[in-house]
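Got the viewer open? Let's take a walk through this one, one selection at a time.

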Amino acid sequence: MRGVRRWIAEGTAQRWLAGAALLMALAMIVGLVGVVVSVSASFFWPRPLVELRLASGAVVLGEEWGREEDPGAANQSRLRLKTGNRDVAGLDFRWVREAEVTGRRIPADAWLLERREYGNFYGVPRSLEGPQGSLPADHPAFAQRLEAALAEARRLVAREEQLLRRASRLHEPVAELRLRLAAAHRQGKDTTGLEGQLAEASRREQEAAAPLVAELVVLRERAAAVELVMATADAQERRIPVAGVVRAVPVNRLSAGGKIALYLARWWEFLSGEPRESNTEGGIFPAIFGTALMVLLMTVAVVPLGVITAVYLNEYARDNAFTGAVRLALANLAGVPSIVFGAFGLAFFVYTVGGGVDRLFFSDTLPTPTFGTGGILWASLTLALLTVPVVVVATEEGLQAVPQAVRDGARALGATRWQTLRRVVLPYATPGILTGTILAVARGAGEVAPLMLTGVVKLAPALPLDGTPPFFHLERKFMHLGFHIYDVGFQSPNIEAAKPMVYATVLVLLLLVVALNLTAITLRSRLRRRLRSAAV
Amino acid sequence: MNGAALATAALTCGFGEHTVLQDVSLSVPPRRITALIGPSGCGKSTLLRCFNRMNDHLPGFFLRGKVLVDGRSVYDPAWPVESLRFTVGMVFQKPNPFPLSIRENVLFGPRLAGVAAPAELEEILVRSLESAQLWEEVKDRLDTSAFALSGGQQQRLCIARAMASGPDILLLDEPASALDPIATARLEETILELAERVTVLLVTHNMQQAARLAHRTAFLYLGRLVEEGETVRLFEAPQEKLTEDYVTGRFG
């Protein structure tokens, strides 16, 4: 008994307790990051294609994605096999009881095709069919010719996308006139002038689009003319247009270097590409871009707002009931659930402010909203509101840390109150302001709930920042990594296939937050070094 | 009082209920070093800060009587407090450099006053740093942070900064209290040098320092001016019993 009391009195117990708490916190963080990193790092690594012969006589070809206990039979395990070929079998995955497997081999001639639609195809190529005739798969030039056909197909697809974009730009004046015409109809205005304009615009669009359409038709014919004949494991033949294939790889024959190259190429596609197949394949670039831009816009909005508030509270306002109430409100605001901010953002920014902007500047196109619907601007402002308490509190601390002697020094040199604030106090408080910014960024980058009400969507290939004037399209909806995780992981039609994508997206989101934070931390430590006083 | 650089007449001031200075009439001759001595809390610093109105920023400050700089009241409505402070510079107890480079610290005042010509700024920079005897030490690192300087150098930088506005009068509030003996000696040299150009009013705790530096010395006790005169006379033949007790170290 006495031993225990002494143990506590000397602080040994507390030390152990503190150590245990730290260890637990660390274990949880390391566990989270470890799982995310290991799953997403291995996801893009090429897996061998395994051919299994079953007791029923069926043959299946696919990637082994896991082994688990069979819930239907005790003490038996089953394999989770990604068999792809959704257009043939209807499903990407199937479970195979291990007891039913009678033969297993890794066929060297099996290829993996990553396709724009229907997911992966696993099979054995038979021949390449083109306008110049048929080339059998066992021909020595087959791989080379297929690669050339794929490159040509990529060119055709890129050109097709370019033509479609151009065509949709040509259509814009017509679409706008239609909206204005509809609005005029509703308001009972005279529409003859508008109708004339619309007819003229339509005529001009058709004129300008005719060569594009002609080229498109030719392109599509050329693209459809080249086909790959593949055989599935159960010897069904499929003709697959090469234009629909992103990548064709003889996975089981790949050397180590080839595997690494494929691994890196897949990561690159993931980071820089557009999503495919309702986001379960392809890349997440629009989401990365949307998240980064949204956080930057939020920072641009929240820092001035927070700093000005803190300056007012700390430098100008006297300590009275009002400032006390403001401080209390700020402290409590930090604890309000973020979905409440989302609801407020929707009601205030989207409907009230955005609706007002539409009535003032975009009344032609009403009731189709321009700013009166969710968009990246409103989402950023909502998050700015959410994070403003953090910035205010940190800035106030920074301001309180400015020595009175330094303020007096500036005043004694004849600086006015504003000059002192601007030239001495604020520079001194900058590390505090940056601390607030770091915390705000960390909080803002991780929020999803308010965004779902104020502008995030599942798919928005048009970025809020692009080459078409006025370059910033702040009214546009955007994609966000956090929402992407929710959507792909829990709302997608093909969750099994997309699960590793979710881990990879989490990893990217974490890295993005770390990168944004590191920028601010580096900036702060640099300023700190400049400010570190050698004074006595 | 005629020809005095700084003067007060029947000055009574304080904070709220508490009167700090009582009926002080003091006259400080130009281009001389005048020391204010007295025990802690006697109002030396408050008196000093009356001349550049720094007390006005403190809560509850009140003032009766006259405070004159070059014969003109510091509360003259036609004399904005900012331009008063261009004329009356001040250096504080602890070095208080700004979070800026050495150059920008020195040029802080001139820039406030609207000096923008690079050549003129450069000239002010060199002249001010030379007058604070800092030029040789910092001329190769003018754009580094002022915080990298030692305490003594920082204090001389503060003097250079005060001198850069071209003041006629310099108020020094125990400028050496935070410095070691060597840095103090260096600073005292600088102050002696400065007195050839400006009027110096020096608050000090250290009677040896007053004896070493000041041409004239004023002794304050409990908010009243007890005695004032040539330093040598005040230390060697004080007229008041209180002064004698203080300078001989019987209390303080």
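Leaving aside its neighbours within four places in sequence, which residues is B:L202 in contact with? Select B:L202 and look around: the partners are B:I33, B:T34, B:A35, B:L36, B:L172, B:L213 and B:A214. Keep in mind as you click that this is a predicted model.

**Stop 1: the big core.** Stay on B:L202 and add B:L36. These two have the most contacts inside the largest nonpolar core, which has 147 residues. Now jump to chain A and select residues 376-400: that's helix α10 of chain A, which gives the most to this core, with 16 residues. There is also a second, separate core of 24 residues; to find it, pick A:V60, A:W111, A:M230 and A:A233, which are among its members. As background, nonpolar side chains in soluble globular proteins tend to be buried together.

**Stop 2: chain B as a whole.** Colour chain B by secondary structure and you should find eleven helices and ten strands. Its C-alpha atoms fill a box of roughly 55 × 45 × 35 Å along the principal axes. Is that what a compact globule would give? Take the radius of gyration: for 252 residues a compact globule would come out near 18 Å, and chain B has 18 Å, so the two agree. Buried residues make up 49% of chain B. Of the chain B contacts with a separation of 6 or more, 68% are between residues 24 or more positions apart.

**Stop 3: where the chains touch.** Show both chains and select the contact: 27 residues come from chain B and 23 from chain A. On the chain B side, highlight α2 (81-87), α4 (108-112) and α7 (151-164), the elements that give two or more residues each. The largest share, four residues, comes from α2(B). Colour that side by class and you get 13 nonpolar, ten polar and four charged residues.

**Stop 4: the domains of chain A.** Give each domain its own colour, following the domain assignment: domain 1 is 38-130 + 228-262, domain 2 is 132-225 and domain 3 is 285-531. The C-alpha centres of domain 1 and domain 3 of chain A lie 45 Å apart. Zoom in where these two meet: six residues of domain 1 of chain A are in contact with seven residues of domain 3 of chain A. On the domain 1 side, helix α2 (residues 12-43) of chain A gives the most, with three residues. By class, that side of domain 1 has three nonpolar, two polar and one charged residues.

Methods
Residues are numbered from 1 along each chain as its sequence is written. Chains are lettered from A and ligands numbered from 1 in the order in which they are written. This is a predicted model: local features need pLDDT of at least 70, side-chain atom pairs count only at pLDDT 80 or more; totals for chains, interfaces and linings use all residues. The radius of gyration is taken over C-alpha atoms; the globule rule is 2.2 Å times the number of residues to the power 0.38. A residue is buried if 20 or more other C-beta atoms lie within 10 Å of its own, exposed if 12 or fewer, and partly exposed in between; C-beta atoms are placed from the backbone. Domain bounds come from an automatic or database domain assignment. Ala, Val, Leu, Ile, Met, Phe, Trp, Tyr, Cys and Pro count as nonpolar, Asp, Glu, Lys and Arg as charged, and the others, Gly among them, as polar. A nonpolar core is a set of buried Ala, Val, Leu, Ile, Met, Phe, Trp, Tyr and Cys residues joined through C-beta atoms within 7 Å.
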